[in-house]
Amino acid sequence: MEFLSPKNLNEALKFKSEHPDFTVLAGGTDACTLINSGILKSKGLINIYGIKEIAEIKENGDFLEIGALATLTQIIENRLVSKFLPVLAMACKTIGARQIQNRGTIGGNVMNASPAGDALPVFLAYETKMELLSAKGSRLVLFEKFYAGYRKTAAEADELAAKFIIKKCDDKERFAFMKVGTRRAQSISKVCACFRQSSSYKIAYGSVAPTPIRCYVTEKFLNGCKTDAFAADEAVRLVRQEVSPMDDIRSTANYRRHVAGVLLKRFLESV
Amino acid sequence: MKSVGKNIPRLDGYDKVTGKVKYVDDIDIPDCWRGEVVRSDIPYGRIKKINFDKAFDWDKVMTCTYKDIPGKNATIFLSDDQPILAENLVKHVGEAIVLIAAPSASKALEAKKHITIEYDTLDSVLSIEDSRKRKNVIFGKDNIQAKYKIEKGDVKKGFAEADFIVEGEYRTGFHEHAYIETQGMAAIPRPDGGLTVTGSLQCPYYVLKTLKSALLLDETKINVVQAPMGGAFGGKEDYPSLLGMYVALLSIKSGKPVKIIYSRDEDIVVTTKRHPSIVTHKTGVKKDGTITAMEIDVAFEGGAYSTLSPVVLSRGVIHSAGAYKCENTFCTANCYATNNVPTGAFRGFGAPQVFYALEMHIDKVAERIGMSPHEFRLKNCVEVGDRLSTTQLLKESVGAKECLEKVLSAADFGKKWRNNLDTCAFKHLRTKKGIGLSLYMHGGAFTGSGEGMKSEAGLRLNKDGTISVLTGCTDMGQGSHTVLPQIAAESLGVPAALVNTAVPDTAVVPDSGPTVASRTTMIIGSILVRCAEKMKKKLPDLKKRDVKELLKTYYSEHGELKIIERYILPPEIKWDQEKHCGDAYPVYSWAADVAEVSVDAETFEVSVDKLTVAVDVGRAVNPVLVEGQMEGGTLQALGWALMEDCIYKNGKPVNNRFQTYIIPTAKDAPEWKTIIVEKPFSYGPFGAKGIGELPLDGGAPAIANAIYNATGLRITSLPITPEKLYSLYEEKNKIK
Ligand SMILES: Cc1cc2nc3c(=O)[nH]c(=O)nc-3n(C[C@H](O)[C@H](O)[C@H](O)COP(=O)(O)OP(=O)(O)OC[C@H]3O[C@@H](n4cnc5c(N)ncnc54)[C@H](O)[C@@H]3O)c2cc1C
């Protein structure tokens, strides 16, 4: 297997356009396990880990820009994130454990495209824009348009994920990240969710459909009424209809549907 | 006492903690080839053809089939039904058919891709139920690998006397050992033309036995050496006989050293598991809490070959009525063959399954008559003078009641149990607290007169003035190679620092029997006490100051001094194997657990907050190591109780990786309270009994009972997942 280690972003983009069928290696915490288990058969690897241009976390006016190669630990410890998007740090803290957080990147979590990726509901709930780069240039895609189906993304074979652009959260908004997994650490989600209440409700889930999802019907209902206990019950009922989980090795559709409702109820009780 | 009862640090600890120790995969063997195994990917079928791709250059690699085995194509255990390499029939997924060795691992893997097997598929049997129904007969006349019956008193009479009869059925599934070091072995040609086989193995003499019979070599031509081991838990009791044969065959045929190290997924697919079980109980009880009759049926799944199943089943059924007074018991047991992977030894050896059933059932019985679980157990718990279900009279060393009393008071059980019961139905509580109890025991050493096989162990005075324990028993992490020197040092009256344990090499150490059945400290320890007495008689007075100098001088004057002794079975042991009646074990270790849990009332996630464990080990030779066994074994039980679940589809585990086979992490571990009770056993070294397996027997039911106390949900199949709790909750609430 060929192993390419570009020195900078331009070289990385060049390699990727020359070898669109090579696997990009960021932290490798997903890619290496997939290669080891024979699920991912790749002809070669392009190691982009540590390329500085796309590893930074910056403020840009009303927006926060998070480089795809920022590690999960970097996000957990970053001052801008804890000020303007604390819920992302909360989500990253639940990924694997320390070793995985030190090595794994946020771009890897997104590009791996597992419906159970814990950071994904946060990006959905915050209406993130994602920058994709190739040797030909750059383009922005809406995160909610990014997943085309189970483990399918809108990225082209010659593109790299470069950064995530997110509007800073406002002072008054309420938010939560919640996760029910298989155990207390090193635990993949059975259900994970990011909830927001600012000017309107935003509800996003992971692990309850082939891709991470926003629950627009439930959002619309909540946005259109006064939230009291009755409304909360109705929202829980609606959200359980809106998710479309399945039975798999970690859990059952029935349980996931139930828990999706429980988590929303807990959020609504807390706001 | 100077050594026994002291927390001497593990002799292997420093090298393990600093990473210096070399496991078999780390041992650098010059010019070593790597082996691979071509296996069956169907559960049951006839091999039609083995295709070796003509386009591949087979000259660069070595392959073996059963035809290369000069002697008997079988692993040598109770019955020799398991072939080393399949001949024309495969009986489970992962059964070995062709072996490959090549100068590099990648070459061996490449060669593997060029071998394909054609089969005629046969109708497979994949569950206890299908085997019992004889969906297809795949083993003997009736699919039964072993069966027993144990009778005491008259159950009919017992049920007639009962005020209530309580029934229940309890199930457990496959359980993976999950040792950190996967299985691995190497065969290395010796300069004298012989062969050394080394690796991660519990029982060097078991491996030797199969090698001798399959290769038609005697022990002058072949020796087996245990390499340092990263855990085994019973999983390296019988399996290394297969793997040892693979490397030996490849090495003999190629003339090269050959190593095979399993990847995690290969290990999970092909190596043994704990027996799945279905245990049914029917119990007669009087209003005052007297148990009048116990009828128990134990069904285990043995998998494709019988391996150790007959003895696992025997231990299971003997323990199935537990530590209770009951005049009338009737226990039946069957082990059923299936086309799943052979099940084998796993810490507890049949006892965890039957205690999960019994200890959940006892709570149900107590509830039926309105008695609390602890009062019911205190009333019925055996003491000296009582008889167990095999009619064995308990003469001494019975700490059951003391363990029970100690955990109950340490955990403040009665009060918490009552309180939780009162709050269980409260709808507004997001977290429900629960507390649960279990009482259990584990027979030390082999069943019945099994220890009459006269195991050997010895002591050897070395040139440098140190003394080595010589035993074929191995340290797999349990600490025996620290504890045995402590026993020897105490008996000899020398400082513990002067005694070590020789590397278990069949060319050097005697056959001490296998390292199983919680027997090493108790059996080998007691042989060592006798060796020490003999040795002391030969040596000058060791009360002098510089013992090491004294011993050195003795050696230089007299040469090596080696004393080998045999185990002597306590004479009063009487056992009828046919009827499974009499003294099933020389002695039992006793224990009680209290588990405290928090259950999320909506997501049904369970967190075990605290485990209080009391064990009667006779004598704690090294108390910290005893506590280590208590905590580690109970944590393993926690995993089995709550999350570990081998999911099989068509004979193959789907979750054959640690990503999907979920075991507890450090964060899932509870707060511990361990209590050691010492009721000495007169035939044990300084009173010591076994501790290795006991801690896995009682954790699961204590946790299950705690969950019931918290939620009112009794889950009768392991693991108790939030998914199962939620569906039972849903079911109960729908009916109402
Ligand atoms: C023990 C363990 C526990 C884990 N626990 C969790 C958990 O709790 N929650 C969770 O969500 N995940 C978990 N994971 C998965 C994984 O750690 C995360 O998804 C992590 O964020 C992946 O980042 P990475 O940099 O290691 O990705 P990599 O493995 O390097 O890459 C993943 C995929 O994305 C592609 N890729 C990566 N970066 C880019 C880029 N910039 N442009 C284009 N393509 C790219 C790669 O080609 C590959 O296909 C766990 C993994 C392990 C091994």
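Here are a few exercises, each with a worked solution, on a predicted model.

**Exercise 1. Work out how much surface chain A and chain B bury between them, and which residues of the two chains are involved by number.**

Solution. Start with a bit of background: the size of an interface is often expressed as the accessible area lost when the parts come together. For chain A and chain B, that comes to about 2,100 Å², with 51% of it on carbon and sulfur atoms. Next, count residues: 22 from chain A are in contact with 24 from chain B.

**Exercise 2. Find the polar links across this interface, then describe the side of chain A that touches chain B.**

Solution. Begin with charge. Side chains of opposite charge can pair when their charged atoms come close. Between chain A and chain B there are five salt bridges. Let's check one of them: Glu269(A) pairs with Arg430(B), and their closest N and O atoms are 3.4 Å apart. The cut-off for a salt bridge is 4 Å, so the pair qualifies.

Now widen the search to polar contacts, and you get 14 residue pairs across the interface, both residues being at pLDDT 80 or more. Which elements of chain A give two or more residues to this side? They are strand E11 (174-181) and helix H11 (253-270). H11(A) provides the largest share, eight residues. Sorted by class, this side of chain A has six nonpolar, nine polar and seven charged residues.

**Exercise 3. Describe the surroundings of the ligand, from its shell down to single atoms.**

Solution. Take the shell first: 31 residues lie around the ligand, and those that come nearest are Val24(A), Thr29(A), Asp30(A), Ala31(A) and Thr105(A). By class, the shell holds 14 nonpolar, 14 polar and three charged residues.

Then ask where those residues sit. Strand E2 (23-25), helix H7 (106-112) and strand E10 (160-167) of chain A each supply at least two of them. H7(A) gives the most, with four residues.

Now zoom in on the oxygen atoms of the ligand. One is 2.6 Å from a polar backbone atom of Val24(A). A backbone N or O atom of Ala26(A) lies 2.8 Å from an oxygen atom of the ligand. With Asn109(A), the partner is an N or O atom in the side chain, again with a distance of 2.8 Å to a ligand oxygen. Finally, how much of the ligand does the protein bury? Taken alone, the ligand exposes 980 Å², and the protein buries 88% of that.

**Exercise 4. Locate a salt bridge that links distant parts of chain A.**

Solution. Over all chains, the count is 61 salt bridges. Pick Glu65(A) and Lys163(A), whose side chains meet at 3.3 Å, N to O. Glu65(A) is in strand E5 (residues 63-67) and Lys163(A) is in strand E10, 98 residues apart.

**Exercise 5. Track down two backbone oddities in chain B.**

Solution. Recall the usual pattern: most residues other than glycine have a negative phi, and most peptide bonds are trans. Look first at Leu718(B) and Pro719(B), which are joined by a cis peptide bond with omega about -5°. Pro719(B) belongs to the loop between helix H17 (694-711) and helix H18 (722-735). Then turn to Ala445(B): it isn't a glycine, yet its phi is positive, about 70°. Ala445(B) is in the loop between strand E16 (431-443) and strand E17 (456-461) of chain B.

Definitions and conventions. Residues are numbered from 1 along each chain as its sequence is written. Chains are lettered from A and ligands numbered from 1 in the order in which they are written. Side-chain values use heavy atoms; hydrogens and water are left out. Contact means heavy atoms within 4.5 Å. Buried area is the accessible area (1.4 Å probe) that two parts lose on being put together, summed over both. A polar contact is a pair of N or O atoms within 3.5 Å; within protein, one must be able to donate a hydrogen and the other to accept it, and residues adjacent in sequence count only if both atoms are side-chain atoms. Ala, Val, Leu, Ile, Met, Phe, Trp, Tyr, Cys and Pro count as nonpolar, Asp, Glu, Lys and Arg as charged, and the others, Gly among them, as polar. A residue is near a molecule or strand if one of its heavy atoms lies within 4 Å of it. Accessible areas come from the Shrake-Rupley method with a 1.4 Å probe; for residues, only the protein chains shown count as cover.
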